Amino acid sequence: MRAAVLHETGQDKLEVLDDVEAVGFGPGRVRIRVRATGLCHSDLSAMNGVLPQPAPFVPGHEGAGEILEVGEGVTDLKAGDRVVVCWLPACGACPACKRGQTELCLAGFMNAGTPNFKRPGGDVFGFAGTGTFAEEVVVDAGCAVPVPEDVPFDIAALIGCGVTTGLGAAVNTADVEVGSSVAVIGCGGVGISAIQGARLKGAAEIVAVDPVPSRREAALTFGATRAVSPDELPGAKQEITGGEGFDYVFEVVGKSATARTAYENTRRGGTLVIVGAGAMDDFLQLNMFELFFDEKRILPSLYGGGDVLRSYERTIDLWRAGRVDLAGLITHRVPLAEINEALDQMRTGSALRTCVEL
């Protein structure tokens, strides 16, 4: 089958090969024919080494498709079922799951060190234990979440990561208050989803902050009340909040510099939500006095900060009701053969989300 492979961490191009085989099928596992997959910035971060991932590997973790085959013991799925790939499934038995913090379950990460594919030259891993830049993938049954027939594969793929992460950051983690002021730094697919979440929660002012003009323009169509470049943020802060700072600031870039900017633009007693996935050696510096004196809440948000399955269901309900725009997030579509063009679209910021159709 075909798959896009990164041979070594640090390379900026993927090679689309037709000699890749999905492996690991057996009891408790399912084989999925991937039909659509989104390109998430985390894929780029894994490719350049910001996020740890053994190589060679097939990137991609935001995918949807249909079940081809189920292994022994899998009773709640069958061939033909439409599913979204969940890269962080909950085991239901660990301490985090028992506390109701299923997004902190580590069961899914245990698969990241096991090869998902093989080639004549040896083993190939799948990013985050999945690897959806491939025509087929084999995963634990818990990674395959059924979706209704009326949900297109491209929409389902977005729900698998970016939309769930952004909406959840505003709805679950921050629990944005009605009438509040919000700033979102970084307005790709996840940032735009955070903007939609803040709008759903009733924020009065939502400022989108991004260096790319097209993204700023797009943010206004998704619920932002104002869109500014990073250089214009101080002026917006002064005009909207009288210089006090925003009630909620979402950092959706994953860098300490933007996290520091986000902290400085959060009002005293306000909430900073860290959504971007950054590097282990990139440290955010805060002094002990400001932590004590400003009483700003710093809330990291992993995968939307709530029960993933419930978040999927809620997002589908909101999409059906027309309360969130998911189709509008897909600004580009490419076949797998053009995956490197999609990578360039994300690097330049010209795409909110690129859908790779397989």
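**Exercise 1. Helix α9 and a nonpolar patch**

Task: State in which helix F289 lies, and determine whether F289 is buried or exposed.

Solution.
Step 1. In this predicted model, F289 belongs to helix α9, which spans residues 288-294.
Step 2. Its relative accessibility is 54%. The cut-off for an exposed residue is over 50%, so F289 counts as exposed.
Step 3. F289 also takes part in a nonpolar surface patch, together with F292 and F293. The patch has an area of about 380 Å².

**Exercise 2. The two sides of helix α6**

Task: Identify which residues of helix α6 are buried, explain why they are assigned to the same side of α6, and find which elements cover them.

Solution.
Step 1. Helix α6 runs over residues 213-221, and its buried residues are R215, R216, A218 and A219.
Step 2. These residues lie on the same side of α6 because the arc they cover around the axis is only 160°.
Step 3. An α-helix has 3.6 residues a turn, so residues three or four places apart point the same way.
Step 4. E217 and T221 are exposed on the other side of α6.
Step 5. The cover over the buried residues of α6 includes the helices α5 (189-200) and α11 (339-348), along with the strands β13 (205-209) and β14 (226-228).
Step 6. After α6 comes G223, with a positive phi near 125°.

**Exercise 3. Strand β4 and its partners**

Task: Determine how many residues of strand β4 are buried, and how many bridges join β4 to β10, to β6 and to β19.

Solution.
Step 1. Strand β4 comprises residues 29-38, and nine of its ten residues are buried.
Step 2. With β10 (residues 136-140), β4 forms five bridges in an antiparallel arrangement. Within this pair, R31 stands opposite V138.
Step 3. With β6 (residues 62-70), β4 forms eight bridges, again antiparallel. Here V30 has V70 as its bridge partner.
Step 4. With β19 (residues 353-357), β4 forms three bridges, and this pair is also antiparallel. G38 is partnered by C355.

**Exercise 4. A sheet of four strands**

Task: Establish in what order the strands of the open four-stranded sheet are arranged, and which of them stand at the edges.

Solution.
Step 1. The order is β3-β8-β9-β5, with mixed pairing.
Step 2. β3 (21-22) and β5 (57-58) each have a single partner strand; therefore they stand at the edges, and one side of each has no neighbour in the sheet.
Step 3. β3 is joined to β8 (residues 117-119) by two bridges, and the two strands run antiparallel. One partnership in this pair is that of E21 with K118.
Step 4. In the loop between α1 (41-47) and β5 lies P56. The peptide bond joining A55 and P56 is cis, with omega about 0°.

**Exercise 5. Positive phi outside glycine**

Task: For A128 and Y303, state what value phi is near; then locate A128 and Y303, and decide whether A128 and Y303 are buried or exposed.

Solution.
Step 1. A128 is a residue other than glycine with a positive phi, near 55°. Y303, likewise not a glycine, has a positive phi near 55°.
Step 2. A128 is placed in the loop between β9 (122-126) and β10, whereas Y303 is in the loop between β17 (297-300) and α10 (308-320).
Step 3. Buried residues have under 20% relative accessible area. A128, at 14% relative accessibility, therefore counts as buried. Y303 has a relative accessible area of 2% and is therefore buried.

Note on methods: Residues are numbered from 1 along each chain as its sequence is written. This is a predicted model: local features need pLDDT of at least 70, side-chain atom pairs count only at pLDDT 80 or more; totals for chains, interfaces and linings use all residues. Side-chain values use heavy atoms; hydrogens and water are left out. Patches are made of residues with over 30% relative accessible area and no salt bridge: like charges are joined within 9 Å, nonpolar side chains (Val, Leu, Ile, Met, Phe, Trp, Tyr) within 5 Å. Accessible areas come from the Shrake-Rupley method with a 1.4 Å probe; for residues, only the protein chains shown count as cover. A salt bridge is a side-chain nitrogen of Lys or Arg within 4 Å of a carboxyl oxygen of Asp or Glu. Buried means under 20% relative accessible area, exposed over 50%, partly exposed in between (1.4 Å probe, protein chains only). The arc is that of the directions from the helix axis to the C-beta atoms. Contact means heavy atoms within 4.5 Å. Two strands pair if DSSP finds at least two bridges between them.
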